[in-house]
Amino acid sequence: MGMEGFDPVQYRAGARREWDSVASGWRKWWPTIELGALHCSRTLLDMAGVKEGHRVLDIATGIGEPAVTAAGLVGPSGRVTAIDQSPEMLAVARDRAVASQLSNISFMVMNADAIDLPDGFDAAFCRWGLMFMPDLPAVMARVRGVLAPGGRFSAAVWGQAPNVPMVSVAFGVIRRLLNPPPPPPGTPSMFSLAEPGYIEKVFGQAGFTDVRAERLTVAMEFESPDGYVDFLKDVAAPVSAIVNKEPRAVQDQVWRAVAEAARGRRGPEGAVRMENESICIVGTRPE
Ligand SMILES: C[S@@+](CC[C@H](N)C(=O)[O-])C[C@H]1O[C@@H](n2cnc3c(N)ncnc32)[C@H](O)[C@@H]1O
């Protein structure tokens, strides 16, 4: 796939700024997010074979998942290292670890394609980060390099757009009203790893064996269509990045139309429930 017109250095700087700018939104919304997403963390930790006493690595931990869940599992004799490119997201993650009185977890600002850590990790995992990484082969090589032989790497990526209404409802409106240029093929985006069989190929090409994927549903519930819009504004960096480029009046028009589009998904109590497909994958570093 071609990546003409794509500047990875510029992309990285922009992505870091975007994620920093939504960190306070993630702090506000994490109970809603985790209500729907905790079982994805648990699935990833199970697939990666995380156990008491393990030394494990969370890549693109954001506000600390699955790292915080893993810290409970590995216990005081284990150790979690969690990395992310965004210092602001990590600040929220640190606060969550302190609130949970966890002392077996450390957070570091680090880009996933330049992981620089002592090797020998028993397991590694990444929830909803890989599709945003411009140099995925470099990331996969780094992860493989820091895993102990036999160690497993599990990751969650989003399924195809129509199966992820939490984002595609908004993108549908944005396409209709703003018609932004699509990202050049092969460049990072929410759905860049969604094509059936694609992520399995990425793991296989990186030299992981026993590659296996499963699909799960991540249900997100918002108290109203306007609550859904507030969530997107606060949390969805890739969505806000497009809308925020527009003049204020156009932004308001887009958000009103997104709320309208979500109205059809209200349940009897008025809450909006969206069931989203996530692909979870695991592979093993050969002995
Ligand atoms: C959707 S959030 C997911 C956060 C968390 N893992 C979760 O599931 O709640 C994506 C995260 O990936 C991080 N990220 C994206 N590209 C990265 C890279 N190349 N290196 C490190 N972190 C990256 C972003 O900063 C952001 O915190």
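Helix 2 and helix 8 lie oblique to each other. This comes from a predicted model, and the angle behind that description is about 135 degrees, with the two axes 7 Å apart. An angle over 145 degrees would count as roughly antiparallel and one of 65 to 115 degrees as roughly perpendicular, so this pair belongs to the oblique group. On the helix 2 side the contact is made by Gly25, Trp26, Lys28 and Trp29, and on the helix 8 side by Phe231, Asp234 and Val235. Sorted by class, that contact has four nonpolar residues, one polar residue and two charged residues. Helix 8 covers residues 225–235, while helix 2 runs over 23–47.

**The chain as a whole**

Stepping back, the chain has ten helices and seven strands. Its C-alpha atoms fill a box of roughly 55 × 45 × 30 Å along the principal axes. How does the radius of gyration of the chain compare with that of a compact globule? For 287 residues a compact globule would come out near 19 Å, and the chain has 19 Å, which agrees. Buried residues make up 42% of the 287 residues. Among contacts with a separation of 6 or more, 82% are between residues 24 or more positions apart.

**Helix 3 and its surroundings**

Is helix 3 largely enclosed or largely open? Helix 3 spans residues 67–74, and because six of its eight residues are buried, it is largely enclosed by the rest of the structure. The buried ones are Ala67, Val68, Thr69, Ala70, Ala71 and Val74. Their cover includes helix 2, helix 4 (87–99) and three strands: strand 1 (55–59), strand 2 (79–84) and strand 3 (105–109).

Both ends of this helix are worth a look in your viewer. Ahead of helix 3, in the loop that follows strand 1, sits Pro66. A cis peptide bond joins Pro66 to Glu65, with omega at about 5 degrees. After the helix comes Gly75, whose phi is positive, near 70 degrees.

Val50 ties into this region as well. It lies in the loop between helix 2 and strand 1, and it is buried because 24 C-beta neighbours fall inside 10 Å. Leaving out residues up to four places away in sequence, Val50 touches Leu45, Val56, Ala70, Leu73, Val74 and Ala123. Of these, Ala70 and Val74 are among the buried residues of helix 3.

**Around the ligand**

Which residues come nearest to the ligand? They are Trp19, Ala60, Gly62, Ala112 and Arg127, out of 19 residues around it. By class, this shell has nine nonpolar, six polar and four charged residues.

Ala60 has a backbone feature to go with its place by the ligand. Its phi is positive, about 60 degrees, although Ala60 is not a glycine. Ala60 is found in the loop between strand 1 and helix 3, and it is buried, with 26 other C-beta atoms within 10 Å.

Gln101 is also not a glycine, and it has a positive phi of about 55 degrees. Gln101 sits in the loop between helix 4 and strand 3. Is Gln101 buried or exposed? It counts as exposed, since 6 C-beta neighbours lie inside 10 Å.

**Sequence separation and distance in space**

Three residue pairs show how separation along the chain and C-alpha distance can be set side by side.

| Pair | Apart in sequence | C-alpha to C-alpha |
|---|---|---|
| Glu287 and Ala148 | 139 residues | 8.2 Å |
| Ile33 and Pro76 | 43 residues | 27 Å |
| Val50 and Arg266 | 216 residues | 38 Å |

Glu287 is placed in the segment after strand 7 (272–284). Glu287 is exposed, with 7 other C-beta atoms within 10 Å. Setting aside neighbours within four places in sequence, Glu287 is in contact with Pro149 and Gly150.

Ile33, from the second row, brings us back to helix 2, where it lies. With 18 other C-beta atoms within 10 Å, Ile33 is partly exposed.

Methods
Residues are numbered from 1 along each chain as its sequence is written. This is a predicted model: local features need pLDDT of at least 70, side-chain atom pairs count only at pLDDT 80 or more; totals for chains, interfaces and linings use all residues. A residue is near a molecule or strand if its C-beta atom, placed from the backbone, lies within 6 Å of it. Ala, Val, Leu, Ile, Met, Phe, Trp, Tyr, Cys and Pro count as nonpolar, Asp, Glu, Lys and Arg as charged, and the others, Gly among them, as polar. Helices (H or I, at least four residues) and strands (E, at least two) are DSSP runs, numbered from the N terminus. The radius of gyration is taken over C-alpha atoms; the globule rule is 2.2 Å times the number of residues to the power 0.38. A residue is buried if 20 or more other C-beta atoms lie within 10 Å of its own, exposed if 12 or fewer, and partly exposed in between; C-beta atoms are placed from the backbone. Two residues are in contact if their C-beta atoms, placed from the backbone, lie within 7 Å. Axes are lines fitted to C-alpha atoms, for helices over the stretch in contact, and angles run from 0 to 180 degrees between N-to-C directions. Angles under 35 degrees count as roughly parallel, over 145 as roughly antiparallel, 65 to 115 as roughly perpendicular and the rest as oblique.
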